[in-house]
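Grab a pencil and work through these exercises with the structure open beside you. Try each task yourself before you read the solution.

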Amino acid sequence: MTLPQDPKVAIIGLGYVGLPLAVALSPSFDVLGFDVDRRRVAELEEGHDRTREVESATLQAAALALSSDPATLAGRDLFIVTVPTPVDAAKQPDLGAVEAASRMVGAALSRGAVVVYESTVYPGVTEDVCGPILEEASGLTAGRDFFLGYSPERINPGDRVHSLDKITKVVAGQTPAVTDYLADVYEKVTEAGVFRAASIKTAEAAKVIENAQRDINIAFVNEVTKLFNKMDLSVYDVLEAARTKWNFLDFRPGMVGGHCIGVDPYYLAHCGEVLGLHPQVILAGRRTNDSMGYYFAERVVTALEARGEARSGAAKVLVLGLTFKENVPDLRNSKVADLIAGLREKGCEVSVHDPLADREEAKELCGLDILDDLQSAAGFDCIVGAVSHEAYGRFAPADFERLLGGRGIAFDLRNMWADSELPDGTQRLSI
Ligand SMILES: NC(=O)c1ccc[n+]([C@@H]2O[C@H](COP(=O)([O-])OP(=O)(O)OC[C@H]3O[C@@H](n4cnc5c(N)ncnc54)[C@H](O)[C@@H]3O)[C@@H](O)[C@H]2O)c1
C-alpha cells in the first residue's frame with residue numbers, strides 16, 4: 001500500500017506540543033489543527049496562544065486550519081496525536097485522552113492513512129492500546145489498511161534555544177517504509193535531523209527514560225541538598241566546584257513539577273509493575289522530589305525563627321513564582337503549591353506573585369489571589385525566590401528594599417540573587 005504522498009495532516013491536541021508542531025508543518029503541508037477545547041481553538045483563531053510558545057504574528061501568518069469539530073477530520077491521511085498523558089490520583093497512567101483521541105481518529109480513518117503518536121507513554125501504548133482502538137473504530141486493520149508510528153516530542157517549553165527546529169526528532173513506524181516516510185515528514189521541521197529508532201516500542205521507551213533519568217538525577221541533587229543543609233554547606237557552592245570535573249552531571253536542586261518530568265517516571269514504573277518488576281530507583285526519585293516543596297517551607301520557617309523576623313504573630317512571606325518552572329505560564333502540577341501549603345501550615349501569612357500565571361488557575365492551585373502589582377507590594381518579613389522568572393533575576397536593591405523594608409530575608413531557592421546587591425539589613429539565604 002502506498003503511503004499518503006503530500007499528506008493532509010491533522011494535529012490532534014493543540015497544547016504546548018501540538019501547536020508549535022502544527023505551525024512548523026504548515027509551510028510544507030496542508031495542516032488542520034484540532035482540539036476538543038473550543039475556548040483554545042477560539043483563542044488561537046484570534047491569534048492568541050496562552051502557552052506563549054507561538055508568537056501572535058507567527059500564528060496569524062501560518063496557513064493553518066483550526067477546528068474543534070471531529071467531522072473536519074474526514075479526508076485527513078496523516079494524524080499526529082499530541083494529547084495529554086497525566087497520572088490519576090493513584091499516580092497510575094491516565095490514558096483517557098489518548099484513548100478518546102484514538103476513538104475519534106479511528107472514526108475518521110481511511111485506507112492508507114498513518115497515525116503517529118507524540119504523547120509521552122510507556123512502551124506498548126501505541127501498538128497495544130491505541131492500535132486496537134483505531135481498528136475497532138475504523139473497521140480497518142493496523143499494519144495492512146493503515147499504519148502506526150511514534151515520534152516522541154522533546155521540546156522544552158519556554159526554552160528558545162532548544163526549539164522544535166533544533167532538536168533531533170526520533171521516529172519509528174510500524175514498518176521500515178513507514179519509518180522512512182515519517183523521517184521525510186519530520187525532516188521538514190528540524191535542522192537537527194531525524195533518528196530512526198529500531199521500533200515503535202523503542203522510541204516510546206527512549207522518551208520515557210529521558211525524562212525518568214532527569215528526575216532521578218535531580219532527586220540525587222535534592223537528597224544531597226538536604227544532607228549539606230545539616231552540615232551548613234551551600235549545595236550551589238558544592239555544585240559549582242563539582243561541575244569543574246568533565247564528567248560530573250550538572251543538575252540543580254528544585255521542585256520537580258509540570259506535566260513531564262514529575263509524571264513520566266510513573267509511566268515507566270507502571271510498565272515495570274505490570275511485568276512483575278518493582279522499580280526501586282525510579283520511584284525513590286519521585287518520592288524525594290515530591291517532598292521538596294514542604295522541605296523548602298521548613299527551611300524558610302527555620303530561617304525566619306533563627307532571625308526572629310516574624311515581628312509579632314505570623315511572618316509575612318511573599319512567594320515569587322508559582323508556575324512549575326521559569327519563564328513559562330504552565331501551572332500544571334506545580335510544586336510551589338506544596339511550598340505555600342507548608343508555609344501556611346507553619347502559620348505564615350503567605351502572598352504570591354507570578355508575572356506569567358493565569359489568575360483563575362492560580363487561585364485553584366493554591367487558594368490565593370496572585371498579587372496584581374509587585375511595585376506596590378511591601379512590608380514582608382521574607383521573600384522566597386521560588387521560580388527564577390527573568391523579571392525576578394533582574395531585581396535591583398530598590399526592589400528588595402521596597403518588599404522587605406531594609407530588613408528581612410531574601411530566600412533564594414533558585415540561586416538567582418547570588419550576585420545581586422542587597423540593602424544593608426536584608427539577609428540573602430539560599431540552600
Ligand atoms: N509540555 C511539554 O513540555 C512536553 C514535552 C514533551 C512531550 N510532552 C508530551 O506531549 C503530550 C502533550 O503535552 P502538552 O504539554 O502539549 O499538553 P497540553 O495540555 O498543553 O495540550 C494538550 C491539548 O490536547 C487537547 N486534548 C485533550 N484531549 C483531547 C482529545 N481527545 N482530542 C483532541 N484534543 C484533546 C487539550 O484540550 C489540550 O489543548 C503529553 O503526552 C506530554 O507528556 C509534553
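**Exercise 1. Classify R52, then look at its backbone.**

Task: Is R52 buried, partly exposed or exposed?

Solution. Step 1: get the number. R52 has a relative accessible area of 45%. Step 2: compare it with the cut-offs. Buried means under 20% and exposed means over 50%, so R52 is partly exposed. Keep in mind that this is a predicted model.

Step 3: find its place in the chain. R52 sits in the loop between α2 (38–45) and α3 (56–61). Step 4: check phi. Most residues other than glycine have a negative phi. R52 isn't a glycine, yet its phi is positive, about 65 degrees.

**Exercise 2. Do the same for D6.**

Task: Where does D6 lie, and what is its phi?

Solution. Step 1: D6 belongs to the segment before β1 (8–12). Step 2: its phi is positive, about 45 degrees, although D6 is not a glycine. Step 3: with a relative accessible area of 62%, D6 counts as exposed.

**Exercise 3. Map the surroundings of R40.**

Task: Which residues does R40 touch, once you leave aside its neighbours within four places in sequence?

Solution. Step 1: locate it. R40 is part of helix α2. Step 2: classify it. Its relative accessibility is 7%, so R40 is buried. Step 3: list the contacts. They are L14, G15, L19, D35, D49, R50 and T51.

Step 4: pick out polar partners. A polar atom of the R40 side chain lies 2.7 Å from the backbone oxygen of L14. The R40 side chain also makes a polar contact of 3.0 Å with the side chain of D49. Step 5: compare sequence with space. R40 and S68 are 28 residues apart along the chain, and their C-alpha atoms are 9.1 Å apart.

**Exercise 4. Explore the ligand site.**

Task: Which residues come nearest to the ligand, and which of its oxygen atoms' partners can you find?

Solution. Step 1: there are 27 residues around the ligand, and V17, D35, T85, P157 and R332 come nearest. Step 2: sort the shell by type. You get 15 nonpolar, seven polar and five charged residues. Step 3: see which element helps out. Helix α4 (residues 96–108) gives the most to the shell, with four residues.

Step 4: go through the ligand's oxygen atoms:

- An N or O atom in the side chain of D35 is 2.5 Å from a ligand oxygen.
- A polar backbone atom of T120 is 2.9 Å from a ligand oxygen.
- An N or O atom in the side chain of R332 is 2.9 Å from a ligand oxygen.

Step 5: check how covered the ligand is. On its own it has 830 Å² of accessible area, and the protein covers 89% of that.

**Exercise 5. Inspect H353.**

Task: What joins the side chains of H353 and Y392?

Solution. Step 1: H353 lies in strand β10 (residues 349–353). Step 2: its relative accessibility is 8%, so H353 counts as buried. Step 3: the link to the Y392 side chain is a polar contact of 2.6 Å. Step 4: beyond four places in sequence, H353 has other contacts too, including L318, L320, I370 and L374.

**Exercise 6. Look at both ends of helix α13.**

Task: What does a side-chain oxygen of D358 reach at the start of helix α13?

Solution. Step 1: at the start of α13 (residues 359–366), that oxygen comes to within 3.3 Å of the backbone nitrogen of E360. Step 2: move to the other end. G367 follows α13 and has a positive phi, near 70 degrees.

**Exercise 7. Zoom out.**

Task: How many helices and strands does the protein have, and how compact is it for its length?

Solution. Step 1: count 15 helices and 13 strands. Step 2: compare the radius of gyration, 24 Å, with the 22 Å that the globule rule gives for 431 residues. The two are close, so the protein is as compact as a globular protein of that length.

Step 3: add the dimensions. The C-alpha trace spans about 75 × 50 × 40 Å along its principal axes. Step 4: look inside. Buried residues make up 53% of the 431 residues. Step 5: look outside. The protein exposes about 19000 Å², with carbon and sulfur atoms supplying 51% of it.

Note on methods
Residues are numbered from 1 along each chain as its sequence is written. This is a predicted model: local features need pLDDT of at least 70, side-chain atom pairs count only at pLDDT 80 or more; totals for chains, interfaces and linings use all residues. Side-chain values use heavy atoms; hydrogens and water are left out. A residue is near a molecule or strand if one of its heavy atoms lies within 4 Å of it. A polar contact is a pair of N or O atoms within 3.5 Å; within protein, one must be able to donate a hydrogen and the other to accept it, and residues adjacent in sequence count only if both atoms are side-chain atoms. Accessible areas come from the Shrake-Rupley method with a 1.4 Å probe; for residues, only the protein chains shown count as cover. Helices (H or I, at least four residues) and strands (E, at least two) are DSSP runs, numbered from the N terminus. Ala, Val, Leu, Ile, Met, Phe, Trp, Tyr, Cys and Pro count as nonpolar, Asp, Glu, Lys and Arg as charged, and the others, Gly among them, as polar. The radius of gyration is taken over C-alpha atoms; the globule rule is 2.2 Å times the number of residues to the power 0.38. Buried means under 20% relative accessible area, exposed over 50%, partly exposed in between (1.4 Å probe, protein chains only). Contact means heavy atoms within 4.5 Å.
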